[in-house]
Amino acid sequence: MHSAESERGRERSITRMPCDNRVFRRTDWAAAGVVVVVAMVVYLATLAPTVTLEQSGAFVVAGQYFGVGRVPGYPLWHLLARLFISVFGFVRYRGCPNPAWATNLMSAVFGALSCGVVSLLVARVGRAVLSPTREGAAKAFVAALAAGMLVAASPVIWSQSVITETHTLTLFSVLLFLAVALAWLSRPNRGAALGLATAFGLGLAQSHMVILLVPCLLLAMLLGDLRLCREFCTANLCIWIVPCLLFRIGLGWPWFYVVLALCPMMGIVVVMRFSVSGRTALTMLAIIALGISFYLYLPLASEGNPPMQFGYARTWEGFQHVITRGQYERMNPTPILSLQFLEQLRWYGALLNQQFIFPLLLVALCPLICISRFRGPWLKWWAVCLLTFFMFSVVLVIGSNPRGDIQDSFIQRVRFIPSFALWGVFIGLGFALLLDWIDRVGKRRTEVDPLMEGDQSGSSDARSLTTDAVAAGVFGGVEHGVGAGDELCGGRLLFASGGGDPDADGDGDGPLFHDEGRGANPLSESLGKKEGGLASRFG
């Protein structure tokens, strides 16, 4: 009784250790750091020396002269590109200035950082779903390294990490959102909520595709703090959604401006008056609005008349043309209830198979099979992660409506880079679960093998009964008073091998089986009614 209480007290004291207050530990950051360094070395070794094909030249010129390289603008990318070009302006290519190398390097940096975030997520979640021991942390560490390297070597991600493009920065923003969501769901607090809004706002400042994270943001807030989610939605309804709907339906002057002024005020008053979480919700909304305000870069850049600008964003019509991708064809979503949609899903599966060979695709299913291993905040994060993958795979397939030919596949495949990286996270968690399963099977065989090599003078029936006793007592004998960890905790199990038939009377008693450290248990008493003899120690 006292030992059980002391054991529970020890477990409670372990959970209260100060180091557990950190969401990510040193081993998680170490795995991410190793992957970032290795990926960066590989990307630098294969980095394009100067400008490449497609829109590389347009992006380089736009980044160097504060222009607009492509709709819908990518303001955050252009600002960071200007920073990299300023820092690495000394690089020359055959004696000439080479700003393209700086923008190529920026793609490599964010590609390597994205692989590091993949490792960070796998290491942290892997430690949570495995046993809380050093062995479990080591398995998660190995799985995190494998997942990060696998994502770094993905053909599409690698190809976009060595040239001037925007996709690695978009990928990094999506993965950063998932990392902050993990911290938020682990310990919901004001700081984590503001970090969640910051990650989402920066993602919107980078690319319109990050708008697919809106359902994921709402789900993360709902699972973390229901009241905060309610107040956040109320504030959005009054401040953003209602004015946009009124603008869309064309409410005439002066009523439009009256409602436009009253809705934000009403939203602020309602949220601040009826909830203590209102201040946090309004701050999150302000941070997201700050991220959207990066698009003011477009008219400011256009006003300077740079040598490279898509659209003419200095006017309202030109600004709308840029941010709505007016230069491209309008969206034509795929009908969901059609054979075409099924064929496009098959196309996406083939594209995913090109990134990770078929056996690895099956490894990614292990977390789904072992969903019971995810509990508490880790199960909530897993739900957010699955929804994110669904949005950047199935929903994106519906929106992009790919034709499936070779040319269209090369154009469309870069849009699905976030889903490829998420699949790499699934593969990493599957690796961790497989390593844990293999280790458990090995330990069970190690526990059984000494019995099989025991008393060679006994009959084969005695050895068979002895093996059955071990299987019942060591692996499944909790109801008999013998736990699966007795042998690992130093319990000394004794067996008697008497002469003759171990079960001569046919009552199924078998040989003596008891734990010397704990005294006789019910299984020992039932097995040792009539049998005596020489005891041999096992363990």
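This report describes the nonpolar cores, a surface patch, the salt bridges and one serine of a predicted model.

## Nonpolar cores

The largest nonpolar core has 116 residues. Within this core, Y43, F177, L178, L196, W381 and W423 touch the most other members. Helix α5, which runs through residues 99-129, gives the most to the core, namely 15 residues. A second core lies apart from the largest one and has 13 residues, including V71, L298, A301 and F319. In soluble globular proteins, nonpolar side chains tend to be buried together.

F177 can serve as an example from the largest core. Leaving aside neighbours within four places in sequence, F177 is in contact with L196, A199, F200, L213, C216 and L217.

## A nonpolar patch on the surface

Some nonpolar residues are found on the surface instead: F358, L362, L365, L368 and I369 make a nonpolar patch of about 500 Å². Two helices, α17 (358-363) and α18 (366-369), each supply at least two residues of this patch.

F358 lies in helix α17. Its relative accessibility is 53%, so F358 counts as exposed, the cut-off being over 50%.

## A salt bridge between two loops

The whole structure contains 10 salt bridges. Side chains of opposite charge can pair when their charged atoms come close. One such pair is E165 and R70, whose side chains meet with an N to O distance of 3.4 Å. E165 lies in the loop between α7 (155-160) and α8, while R70 lies in the loop between α3 (56-64) and α4 (75-87), so the salt bridge ties together parts that are 95 residues apart in sequence.

Are the two partners buried or exposed? E165 is buried because its relative accessible area is 6%, and R70 also counts as buried, at 10% relative accessibility. Both values are under the 20% cut-off for a buried residue.

## Salt bridges within helices

Other salt bridges join residues of one helix. E343 pairs with R346, and their closest N and O atoms are 2.8 Å apart. Both residues are in helix α16 (residues 339-355); because they are 3 residues apart, about one helical turn separates them. E343 is partly exposed, with a relative accessible area of 42%.

In helix α21 (residues 417-452), D436 and R440 are 4 residues apart, again about one turn of the helix. They form a salt bridge in which the closest N and O atoms are 3.3 Å apart. D436 has a relative accessible area of 3% and is therefore buried, whereas R440 is partly exposed at 43%. Both residues also belong to a network of salt bridges that links K139, R373, D436, D439 and R440.

## Serine 186

Where is S186 found? S186 is part of helix α8, which spans residues 167-186. With a relative accessibility of 18%, S186 counts as buried, because this value is under the cut-off of 20%.

The side chain of S186 reaches the backbone oxygen of L182 at a distance of 2.7 Å. Not counting residues up to four places away in sequence, S186 touches V23, P377 and W378.

Notes: Residues numbered from 1 in each chain as written. Predicted model: local features only at pLDDT ≥ 70, side-chain atom pairs only at ≥ 80, totals over all residues. Heavy atoms only, no water. Buried < 20%, exposed > 50% of the residue type's maximum accessible area, 1.4 Å probe, protein only. Polar contact = N/O pair within 3.5 Å; in protein donor to acceptor, adjacent residues only side chain to side chain. Contact = heavy atoms within 4.5 Å. Patch = residues over 30% accessible without salt bridge, like charges linked within 9 Å, V, L, I, M, F, W, Y side chains within 5 Å. Areas by Shrake-Rupley, 256 points an atom, 1.4 Å probe, with all protein chains shown as cover. Salt bridge = Lys/Arg side-chain N within 4 Å of Asp/Glu carboxyl O. Core = buried A, V, L, I, M, F, W, Y, C linked by side-chain atoms within 4.5 Å.
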